[in-house]
Amino acid sequence: MAPMKVFGSAPFTNVARVLVCLEEIGAEYDLVDIDFHVKQHKAPEQLARNPFGQVPAFQDGDLLLFQSRAISRYVLRKYKTEEVNLLREGNLEESALVDVWLDVEALQFDPVMHSVFYQHRVVPVLGGTTDAKMVEVSIGKLKKVLDVYEAQLSKHRYLAGDLVSLADLSHFPETHYFMEMPHAAVFDSYPRVKAWLEDLMSRPAVKKVVKMMGQETH
Ligand SMILES: N[C@@H](CCC(=O)N[C@@H](CSO)C(=O)NCC(=O)O)C(=O)O
């Protein structure tokens, strides 16, 4: 059977989320670049894979998926083993907590982190000026989220319990870029969060994808 295909390139945070799951399970896959410079993400072929004209899209045989967290869940379910069970499948309570914290990441953490990334990394490239007030508002929201994370991580090694899950790994792409930005020091006030992030960033799969994120132009 042909290897799974991920459409997009590693520097895009939502693509990197899928890649880290594939690397954690050690599955074979092809990464098919989608060139934004020529609006390939809006081409009919990509719209057929992702109706929003975004990356990532994903193909496994006749199955086409989009939305990075849904793709991640698919590959983690398909390749679940005793050793690699990043959705905590088979344990109703643990898997429910993975869902809770993955929703928190998607709906509370990611939006504020992406807002800061956009202002610092995208607006200047588009010829605009970083909106410092908007960044400060986002940082204020981020601190409230990190207060919750610090409390949770004082009780458990990882967000959904004492074993790492997708809920943890889903945080790394945006955080990787955030740590290169002026407000990275925000995390210094949250020692357990900082230790948790260092733990995640030390994982071989994360290190490999971080390297891929830095290699390609996009
Ligand atoms: N909820 C979706 C978001 C995809 C997305 O915004 N992709 C971006 C690049 S990655 O940050 C994208 O394709 N932007 C181009 C566009 O929106 O036109 C997911 O998780 O897959």
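## A walk through a two-domain predicted model

Gln-67, with 43% relative accessibility, counts as partly exposed, because that value falls between the 20% limit for buried and the 50% limit for exposed. This residue makes a handy starting point for a tour of what is a predicted model. Gln-67 sits in the loop that joins strand 4 to helix 3. Its backbone is worth a look too: phi is near 75°, a positive value in a residue other than glycine.

Gln-67 also brings us to the ligand. In total, 13 residues surround the ligand, and Gln-67 is listed among the closest, together with Lys-42, Gln-54, Val-55 and Ser-68. Some polar side chains can be followed right up to ligand oxygen atoms. For Ser-68, a polar side-chain atom lies 2.6 Å from an oxygen of the ligand. Lys-42 places a polar side-chain atom 2.7 Å from a ligand oxygen, and for Asn-14 the corresponding separation is 2.9 Å.

Stay with Val-55 for a moment. The peptide bond leading from Val-55 to Pro-56 is cis, with omega near 5°. Pro-56 itself belongs to the loop between helix 2 and strand 3. Val-55 also has a spatial partner in His-41: their C-alpha atoms are 7.0 Å apart, with their positions 14 residues apart in sequence. His-41 is found in the loop between strand 2 and helix 2 (44-49). With a relative accessible area of 9%, His-41 is buried, since buried means under 20%. Beyond its sequence neighbours within four places, His-41 contacts Ile-34, Asp-35, Phe-36, Gln-46, Gly-53 and Gln-54. Gln-54 is one of the residues closest to the ligand.

Strand 2 (residues 29-32) includes Val-32. What does Val-32 touch, leaving out residues up to four places away in sequence? The answer is Lys-5, Val-6, Phe-7 and Gly-8. Val-32 counts as partly exposed, at 27% relative accessibility. By contrast with these contacts, look at Val-32 and Asp-62, which are 30 residues apart along the chain and have C-alpha atoms separated by 16 Å.

Returning to Ser-68, we can move along helix 3 (residues 68-78). The buried residues of this helix are Ser-68, Arg-69, Ile-71, Ser-72, Arg-73, Val-75 and Leu-76. They pack against strand 1 (4-7), helix 1 (13-25), strand 3 (57-60), strand 4 (63-66), helix 4 and helix 6 (166-169). An unreviewed UniProt entry places the feature "domain: GST N-terminal" at residues 2-83. That span is 37% helix and 20% strand, and its end C-alpha atoms lie 25 Å apart.

Past helix 3, the loop leading to helix 4 holds Arg-88. Arg-88 has a positive phi of about 60° although it is not a glycine. At 17% relative accessibility, Arg-88 counts as buried. Setting aside residues up to four places away in sequence, Arg-88 touches Glu-94, Ser-95, Val-98, Leu-163 and Val-164.

Now step back to the whole chain. The protein is divided into domain 1 (4-85 + 208-213) and domain 2 (92-207). Their C-alpha centres lie 21 Å apart, and the contact between them takes 17 residues from domain 1 and 19 residues from domain 2.

Where, then, does the largest nonpolar core lie with respect to the two domains? Of its 65 residues, Leu-19, Leu-22, Leu-142, Tyr-149, Val-193 and Trp-196 touch the most other members. Helix 4 (residues 92-122) gives the largest share, 9 residues. Domain 1 and domain 2 both contribute residues, so the core lies between them. In soluble globular proteins, nonpolar side chains tend to be buried together.

Tyr-149 lets us look into this core from one residue. Apart from neighbours within four places in sequence, Tyr-149 contacts Trp-101, Val-104, Glu-105, Phe-109, Leu-159, His-171, Val-193 and Trp-196. Among these, Phe-109 leads us to our last stop, as it is also touched by Thr-175. Is Thr-175 buried or exposed? At 2% relative accessibility, Thr-175 counts as buried. Thr-175 lies in helix 7 (residues 172-178), and its contacts beyond four places in sequence are Phe-109, Met-113, Phe-187 and Leu-197.

Technical notes
Residues numbered from 1 in each chain as written. Predicted model: local features only at pLDDT ≥ 70, side-chain atom pairs only at ≥ 80, totals over all residues. Heavy atoms only, no water. UniProt positions renumbered as here; feature names shortened; annotations may be inferred. Helix = DSSP H or I, 4+ residues; strand = E, 2+ residues; numbered from the N terminus. Core = buried A, V, L, I, M, F, W, Y, C linked by side-chain atoms within 4.5 Å. Buried < 20%, exposed > 50% of the residue type's maximum accessible area, 1.4 Å probe, protein only. Domains from an automatic or database assignment. Contact = heavy atoms within 4.5 Å. Near = heavy atom within 4 Å. Polar contact = N/O pair within 3.5 Å; in protein donor to acceptor, adjacent residues only side chain to side chain.
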